[in-house]
Every structure is written in C-alpha cells, then in structure tokens.
Amino acid sequence: MCFHRVFSMSLTQLCSHAPQGGIVAEDTIPTWRKNYVCVLVLQASVREEKKLLVENARLKNDIADLRVQLQEKNKRKIAKALFAPVPPTAKPALSLPVRQSDSASPASALEERAERPWRRRRGERRGEDTQRHTLSLGEEPRVDVSRLDIRIGRVLSIRRHPLAETLSVQVVELGEPAPRTVVSKLNQKQDLCGNLVVVLCNVRPCKLKGVVSQARLLCCSTSDDNIEMLAPPPGSIPGDRVTFNNYPGEPDRELVSKDRVWEILQPDLQTDGRGVASYKGAWFEVKGKGLCRIPTLTNCSIH
C-alpha cells in the first residue's frame, strides 16, 4: 500500500511538471529515477521488518511451549518421589565360617598364620582380653587361680613409706624392662634386699598414701610382726611364672576390680602341713625348678 501511494504520488508530480502535449522534459527524468529507487528500498525494508516480526512471534510461542513442558516434567517428578513405594530393606546375609579343607594351598595357610597375631593384638588393644575366659555365649567366665599372673621377683631395695609408719616401699625386679614399686606392710628392718619373692603382677595399680603400688607380694602371717614371704624354689630367676597343674590357661592382662577375682580366690590360697603353697590341692610350681613354700608357717592363709 505504501509503495503504490508513493509511486502514484511520484507519477502525479511528474505529470504535473510535463508541458501540454504529454512530452516530459529531459531535466525531470533524474528526479523520477531517484524517487523510484527510494520506493524500492522502502519496500524491501518493510518486507524485512515483517519477516522479523513473524520470526519473533514464533520464537515467543516456542519459549512458552518449552516453559509449559518443563513445569509438567517437574510436577511428574515430584509426584513420583512422593508416592513411590518404599523398597524393603534387605537384611544382611549371615556369613558362616568356612572350614578350610586339607587340600588348602601352602600360600593361603601362610597368609592365615601371618594374620592371626595381628588380629590378636588388635583384640587386646580394644580390651577384649576378658573374652578369653568365656567358653561360649551365655556361660560364666571361669574364676580360678589360672587368671592370676604370679611370677618370681627379686627385691632391689626397701625403704620406709614417707607418709605412713606401718608401710614400706619395695622396688622389685620381675624380668621386665623396668622394676616395679610395691607398697606393703613389711617391716623395714627385715633384710629382704636381694631376696627372691613371689609376686602377684596383674593387680591394678593403686595409690597408697601417695605412692603408687604396681604389684602385690605374697606372704603368710600370724600377726603384723610375724610375716613370712613366700619363697620360690632354688634356681628360680626374676620373671619365672608360677603355674598350677590342674588349672591351665593364660592369666588376665589386668584384674578388673568389679569382678573381685582376687577376693574370690584368696580364701583358697593356703599352705599345707609341710608349708607348701597350694590352691585347692594344686601346688604353686615353677616348671622344672620346684615348689613355692613358706619357711616355718604351716596351714596358713596366703595374702
């Protein structure tokens, strides 16, 4: 419409300048050409503008459709998460111990042997040593003399307790990297330096009047003034363990106070008529060296 209007206006202006007789002057031809070119350019720009408007409208429609599709997809995803059935939790399968056959390879046997000490050390670090005394689940742990770690020691020195007149402090060698300190009711005048004694080693360290006692000397007494130490057999050395024939087993790493193991076993620790120390008839014995005994006191309780 714009093109026809401009073109008709150009023809009208051109004819108005023409003389009578219908002949156009030569000087009016360049002006007519210029007007015609302007009309063509204007027409092309209008067509381009229409194309851009159509393309813009189409893109807007596509964006709106994509937005609707995205919203629908999000709604379906939320509904699926809310109403989806909860899968049942799978119970872990029980693994049964597999017994190796006699035809197992030597390499696997060596690997198993190398792994056993590591497992044992890890169990001890976690404080599982008390499980060694449990025969099976539901059974009570054994309470017998094999749970006591009784060893031979040598008294290196003895001195008076700084805060108690009735107590003395001994330093005892037990075959360990460092000697232990023991607090007891022994008289300081007793000449024990260099003597061998029988020591209960796995008691829990405790403070007695400000001095930590790390073990217990085994002895017999009829009064506070008449105390005799349990004597090891000849040939014993510090660190030798005292065993009992009828009670095999490894001692506890440390006696737990709440179990009261020492309190339960102590009444059965006695000397017989010959002065030999025993527990329910089983003698205190150092393997290959002999029996532990009290020099003069017989039929006495050991404490």
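## S146 and its surroundings

Let's start with S146, which sits in the loop between α3 (106–125) and β1. With a relative accessibility of 2%, S146 counts as buried, since the cut-off for buried is under 20% relative accessible area. Keep in mind throughout that this is a predicted model.

The side chain of S146 makes a polar contact of 2.4 Å with the side chain of D144. Setting aside residues up to four places away in sequence, S146 touches R241, Y247, P248, G249, E250 and P251.

## The chain as a whole

Zooming out, the protein chain has 4 helices and 15 strands. Of its 303 residues, 27% are buried. The accessible surface is about 21700 Å², and carbon and sulfur atoms account for 56% of that.

How do the contacts spread along the sequence? Take the contacts between residues at least 6 apart: 65% of them join residues at least 24 apart.

One stretch has a UniProt annotation: an unreviewed entry lists residues 49–76 as "coiled-coil region". In the model, residues 49–76 are 100% helix and 0% strand. The C-alpha atoms at the two ends of that stretch are 41 Å apart.

## β1, β2, β3 and β4

Now for some strand pairing. β1 runs antiparallel to β4, with 5 bridges joining them; in that pair, I150 has L200 of β4 as its bridge partner. β1 also pairs with β2, again in the antiparallel sense, over 6 bridges. Here R154 is matched with E173 in β2.

β2 (residues 168–173) in turn pairs with β3 over 5 bridges, also antiparallel, and V169 finds its bridge partner in V183 of β3. The β2 and β3 hairpin has 6 residues between the strands, and G175 takes a positive phi near 75° there. As for β3 itself (residues 180–184), the strand is mostly covered, with 4 of its 5 residues buried.

## Q170, a polar residue under cover

Is Q170 of β2 buried or exposed? The relative accessible area of Q170 is 0%, so Q170 is buried. The Q170 side chain has a polar contact of 2.9 Å with the side chain of S184.

The contact list for Q170, leaving aside neighbours within four places in sequence, includes V155, S157 and I158. R180, T181, V182, V183 and S184 are on that list too, along with L186 and L217.

## The nonpolar cores

In soluble globular proteins, nonpolar side chains tend to be buried together. Here, the largest nonpolar core has 27 residues, and those with the most contacts inside it are L148, I150, L218, V242 and F284. Which elements give two or more residues to this core? They are β1 (150–160), β4 (196–200), α4 (261–265) and β12 (277–279). α4 supplies the largest share, 3 residues. Apart from this core lies another one of 14 residues, with L186, L192, C201 and L217 among them.

V242 is a good residue to click on in the larger of these sets, being one of those with the most contacts inside the largest core. Beyond residues up to four places away in sequence, V242 touches I150, R151, I152, V198, F284, E285, V286 and C292.

## V286, a contact of V242

V286 lies in strand β14 (residues 285–286). At 2% relative accessibility, V286 is another residue that counts as buried. Not counting residues up to four places away, V286 touches I152, P233, S236, D240, R241, V242 and C292.

The V286 and I152 pair spans quite a stretch of sequence: they are 134 residues apart along the chain, while their C-alpha atoms are separated by 8.9 Å.

## A three-stranded open sheet

Strands of a sheet pair through backbone hydrogen bonds, either parallel or antiparallel. An open sheet of 3 strands runs in the order β11-β12-β13, with antiparallel pairing. Why is one side of β11 (269–271) and of β13 (282–283) left without a neighbour in the sheet? These two strands stand at the edges and each has a single partner strand, so one side of each has no neighbour there.

β11 and β12 are joined by 3 bridges. Among the bridge partners, T271 is matched with A277 in β12.

Notes. Residues are numbered from 1 along each chain as its sequence is written. This is a predicted model: local features need pLDDT of at least 70, side-chain atom pairs count only at pLDDT 80 or more; totals for chains, interfaces and linings use all residues. Side-chain values use heavy atoms; hydrogens and water are left out. Buried means under 20% relative accessible area, exposed over 50%, partly exposed in between (1.4 Å probe, protein chains only). Two strands pair if DSSP finds at least two bridges between them. A nonpolar core is a set of buried Ala, Val, Leu, Ile, Met, Phe, Trp, Tyr and Cys residues joined through side-chain atoms within 4.5 Å. Contact means heavy atoms within 4.5 Å. UniProt positions are given in the numbering used here, feature names are shortened, and annotations may be inferred rather than shown by experiment. Accessible areas come from the Shrake-Rupley method with a 1.4 Å probe; for residues, only the protein chains shown count as cover. A polar contact is a pair of N or O atoms within 3.5 Å; within protein, one must be able to donate a hydrogen and the other to accept it, and residues adjacent in sequence count only if both atoms are side-chain atoms.
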